Amino acid sequence: MLIIDSKDCENIDKALKKYKKKYEKSRTLNQLRERQSFTKPSVKRRTQVLKAIYRQQLASGKLED
């Protein structure tokens, strides 16, 4: 549960902005999306390896984006 400490004189927009930032940092939405469907461990590993290869190629300059 996310708790936002708002002062009496604080604007509601600022409080909402703080809430949205905390919500994004907690990665709640990502966890919910991951739990909706089961992915096999082998598939997870394969995607991680492919992402790592892609990042490596970007860093070395072999791939141009």
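Reader: Where does Arg27 lie?

Author: In this predicted model, Arg27 lies in the loop between helix 1 and helix 2, the latter covering residues 28–36.

Reader: What should I look at in the backbone of Arg27, and what is its phi?

Author: The general idea is that most residues other than glycine have a negative phi. Against that background, Arg27 has a positive phi of about 55°, although it is not a glycine. As for its surroundings, Arg27 counts as exposed, because its relative accessibility is 56% and the cut-off for that class is over 50%.

Reader: Before I go further into local detail, how should I read the confidence, and in which helix is it lowest?

Author: The general idea is that where pLDDT is low, the predicted coordinates should not be read in detail. Here the protein chain averages a pLDDT of 88, and 97% of the residues score at least 70. Confidence is lowest in helix 1, with a mean of 89, and highest in helix 3, with 95.

Reader: How many helices and strands does the protein chain have, and how spread out is the chain?

Author: The protein chain has three helices and zero strands, and read along the sequence it follows the pattern α-α-α. To judge the spread, one compares the radius of gyration with the value from the globule rule: the radius is 19 Å, well over the 11 Å that the rule gives for 65 residues, so the chain is more spread out than a compact globule. Along its principal axes, the C-alpha trace spans about 55 × 35 × 15 Å.

Reader: What share of the residues counts as buried, and what does the accessible surface come to?

Author: Of the 65 residues of the protein chain, 3% count as buried, where buried means under 20% relative accessible area. The accessible surface comes to about 6,800 Å², and 52% of this belongs to carbon and sulfur atoms.

Reader: Which residues make a nonpolar patch on that surface?

Author: Val49, Leu50 and Ile53 make a nonpolar surface patch of about 270 Å². Val49 has its place in helix 3, which runs over residues 41–60, and this residue is partly exposed, with a relative accessible area of 48%.

Reader: How many aromatic pairs does the structure hold, and how are the rings of Tyr19 and Tyr23 arranged?

Author: The structure holds one aromatic pair. It is formed by Tyr19 and Tyr23, whose rings are 6.3 Å apart, centre to centre, with 25° between the planes; the pair counts as stacked because planes under 30 degrees apart fall in that class. Both residues lie in helix 1, which covers residues 12–26, and they are four residues apart, about one turn of the helix. Tyr19 is partly exposed, at a relative accessible area of 37%, and Tyr23 also counts as partly exposed, at 29%.

Reader: Where do Met1 and Lys62 sit, and how far apart in space are Met1 and Ser26?

Author: Met1 belongs to the segment before helix 1 and is exposed, with a relative accessible area of 95%. The C-alpha atoms of Met1 and Ser26 are separated by 9.9 Å, although the two residues are 25 residues apart along the chain. Lys62 is found in the segment after helix 3 and is likewise exposed, with a relative accessible area of 70%. Between Lys62 and Arg46, which are 16 residues apart in sequence, the C-alpha to C-alpha distance is 21 Å.

Note on methods:
Residues are numbered from 1 along each chain as its sequence is written. This is a predicted model: local features need pLDDT of at least 70, side-chain atom pairs count only at pLDDT 80 or more; totals for chains, interfaces and linings use all residues. Side-chain values use heavy atoms; hydrogens and water are left out. Rings of Phe, Tyr and Trp (its six-membered ring) pair if their centres lie within 6.5 Å; planes under 30 degrees apart count as stacked, over 60 as edge-to-face and the rest as tilted. Helices (H or I, at least four residues) and strands (E, at least two) are DSSP runs, numbered from the N terminus. Buried means under 20% relative accessible area, exposed over 50%, partly exposed in between (1.4 Å probe, protein chains only). Patches are made of residues with over 30% relative accessible area and no salt bridge: like charges are joined within 9 Å, nonpolar side chains (Val, Leu, Ile, Met, Phe, Trp, Tyr) within 5 Å. Accessible areas come from the Shrake-Rupley method with a 1.4 Å probe; for residues, only the protein chains shown count as cover. A salt bridge is a side-chain nitrogen of Lys or Arg within 4 Å of a carboxyl oxygen of Asp or Glu. pLDDT is the predictor's confidence in each residue, from 0 to 100. The radius of gyration is taken over C-alpha atoms; the globule rule is 2.2 Å times the number of residues to the power 0.38.
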